Amino acid sequence: MIAKIFSGAIVGLSTILVEVEVNIVKKGLPSFAIVGLGDKAIAESKERVRSAILNIGADFPTYRITVNLAPADLPKEGPSYDLPIALGILTASGQIENSVSDSLFVGELSLDGNLRHTRGVLPLTLFAREEKFKRIFLPKENAKEAAVVHDIDVYPLDSLYTLVSYLKKIVEIKPHPTISFSDLKEDVDCEFDFSDIKGQEHAKRGLEIAAAGSHNALLFGVPGAGKTMLARAFPSILPTLTEEEAMEITKIYSITGNIAPNQNIVKKRPFRAPHHTTSRIGLIGGGANPMPGEISLAHRGILFLDEFPEFPRSVLEALRQPLEDGFVSIARAAGQVTYPAKFILVAAANPCPCGNLGSAKKTCKCLPGEILRYKKKVSGAILDRIDLHLSCPELPIEKLSSLKSAEKSVIIAERAEKARKIQINRFKGTDLKANAEMGPKEIKEFVPLSSSCLDLLKQAVVKFNLSARSYHKMIKVSRTIADLESEKEVKANHVAEALQFRISEEN
């Protein structure tokens, strides 16, 4: 008898329907084979499935069992096929009636038949809804993650025994209640608040613009000026996630196993801060079976690279294409996958190897050649892709010891949120979410400039020898500054302020 159970395989962020076909033949010697390009985890599922079936009190057929994971030419990985394989064996052996054609199954089995937390449940649930499946059966610990998807019944299971009892109509399982995005509790805890940081008004203003328009920023200055603290306070002023953005992030975190058991959905923008010894694959993604790197885990959030020039040049150069395109394509012998990577790059750098260049208190001990080599570690092509260059000067003791409180993050966040909503309304009907995502075509459509603005931009390009990319980035930053002031048109003063943030490093 042949049984067919439906599951899914995740390729990149896409999901492909997998038909788990089980055939049991009484002729020949007893055997148990799984075919269909499965990895080691799938090969080992034979022992997990055998033990689970026996430990729930069911019979494991002592015949020739063949399991085919179709399509056979698609590589498959992970233990999520344990549950459909076990169900297929029980169905093919006649212990359960074949009445699950409208359902999708996913879950890893333990030896006693209990179900474990499994990766990739959210994209599989979204896929099940798109393919018009009525139900999805999955581990109980994944139920909250899947329950944010509407218009499909999510059945949480604690064990294979519970599923068998339900299908035999011995027990009843109620679908998990659908969770509304607006009902989820938002985690707004941040390491630092902008009010904790003394001085650095120029950098704070730049980060406010970066938060409002999703612009990249470079913080440079002497050690101890507050660069790292500013970067770690930056999440506290970012606009709240939309439901669409939250789903995008959660899909990535789900397939990488970063969704904790009983967690539902990511509602806080990611903040990723890899060490400067991180490899190229760790940052960009890859491996034999390509997985997302730090830039994809920072999608719709922040990628903070402290000690920016200390990263290997090859690693930094790999950021070029993702910074421009908002995604990364990873090609391997097994195929090609694409992961989203629309993040805000926040980098921090010292002015020289010892860090004291330009300090009024300490003397720089670096030779001119050392300083030049240090600055050349970051190529001009990377610097050109950073919208805001923010200087963090050494603070006098008067400012450090001042009791005057600075503006709180919540106030700055309100302005950034208001500006971002303006942008979302402006780009309605497109894939754009923020000003930084505009290309030359969108700039021409959404940011008409007056003659005075154009004249100022032309003078800046000629005087400072700016590239075409810098020209467009100044226009996008100018548009964000105007949005922060709720201005419908970009004015000359907006362009002038954007220019200050573009050339501050050279000055």
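Two strands are taken as paired when DSSP finds at least two bridges between them. I begin with that definition since the first part of this presentation concerns strand pairing. The model before you is a predicted one.

Let us start at strand E14, residues 302-305. Which strands are joined to E14 by bridges? On one side of the account is strand E11, residues 271-272, which two bridges join to E14. These two strands run parallel. Strand E17, residues 344-349, is joined to E14 by four bridges, and this pair is parallel as well. Leu303 appears in both pairings: Arg272 stands opposite Leu303, and in E17 the bridge partner of Leu303 is Leu345.

What of the side chains along E14: which residues point one way, and which the other? Ile302 and Phe304 point one way, whereas Leu303 and Leu305 point the other way. Buried is the class of all four.

Directly after this strand in my account comes Glu307, which lies in the loop between E14 and helix H12, residues 313-317. Glu307 is not a glycine, yet its phi is positive, at about 55°. Is Glu307 buried, exposed or partly exposed? With a relative accessible area of 29%, Glu307 is partly exposed, because that value falls between the limits of 20% for buried and 50% for exposed.

A second residue of this kind is Lys169, with phi near 65°, again a positive value in a residue other than glycine. Lys169 is located in the loop that links helix H6, residues 160-167, with helix H7, residues 201-213. Its relative accessibility is 77%, so Lys169 counts as exposed; the cut-off in question is over 50%.

While we are on backbone geometry, I would also point out a cis peptide bond. This bond runs from Ala70 to Pro71, with omega near 5°. Pro71 belongs to the loop between strand E4, residues 64-70, and helix H3, residues 82-92.

I turn now to the empty space in the model. Rolling a probe the size of a water molecule over the atoms shows where empty space is left. How many cavities of 30 Å³ or more does the structure hold? There is one, and the largest cavity has a volume of about 100 Å³. Thirteen is the number of residues in its lining, and Ser214, Arg269, Arg300, Ile344 and Arg420 lie nearest the centre. One of these, Ile344, falls within the residue range of strand E17, 344-349. Which classes of residue make up this lining? Seven of the lining residues are charged, four are nonpolar and two are polar.

The largest pocket has a volume of about 660 Å³. Its lining comprises 32 residues, and those closest to the pocket centre are Ile10, Val11, Pro75, Glu77 and Asn289. Two elements give two or more residues to this lining, namely strand E1, residues 2-11, and strand E16, residues 335-340. By class, the pocket lining has 16 nonpolar, 11 polar and five charged residues.

Two further buried positions deserve a place here. The first I would mention is Ser379, in the loop between helix H14, residues 368-376, and helix H15, residues 380-384. A relative accessible area of 5% places Ser379 among the buried residues, because buried means under 20%. What does Ser379 contact, once its neighbours within four places in sequence are left aside? The contacts are Arg313, Glu317 and Arg320.

The other position is Leu390, found in strand E18, residues 388-391. Leu390 counts as buried, at 0% relative accessibility. Between the C-alpha atoms of Leu390 and Ile136 there is a separation of 50 Å, and the two residues are 254 residues apart along the chain.

Finally, the chain as a whole. The protein chain contains 21 helices and 18 strands. Its C-alpha atoms fill a box of roughly 85 × 50 × 45 Å along the principal axes. How much of the chain is buried? Of its 507 residues, 52% count as buried. The accessible surface amounts to about 23,200 Å², and carbon and sulfur atoms hold 52% of that surface. As for contacts with a separation of 6 or more, 73% of them are made by residues 24 or more positions apart.

How values were computed:
Residues numbered from 1 in each chain as written. Predicted model: local features only at pLDDT ≥ 70, side-chain atom pairs only at ≥ 80, totals over all residues. Heavy atoms only, no water. 1 Å grid on protein atoms, 1.4 Å probe; cavity = no way out; pocket = protein on both sides within 12 Å on 5 of 7 lines; lining within 4 Å. Points joined across faces, edges and corners; volume = space filled by probe spheres on them. Nonpolar A, V, L, I, M, F, W, Y, C, P; charged D, E, K, R; others polar. Buried < 20%, exposed > 50% of the residue type's maximum accessible area, 1.4 Å probe, protein only. Contact = heavy atoms within 4.5 Å. Areas by Shrake-Rupley, 256 points an atom, 1.4 Å probe, with all protein chains shown as cover.
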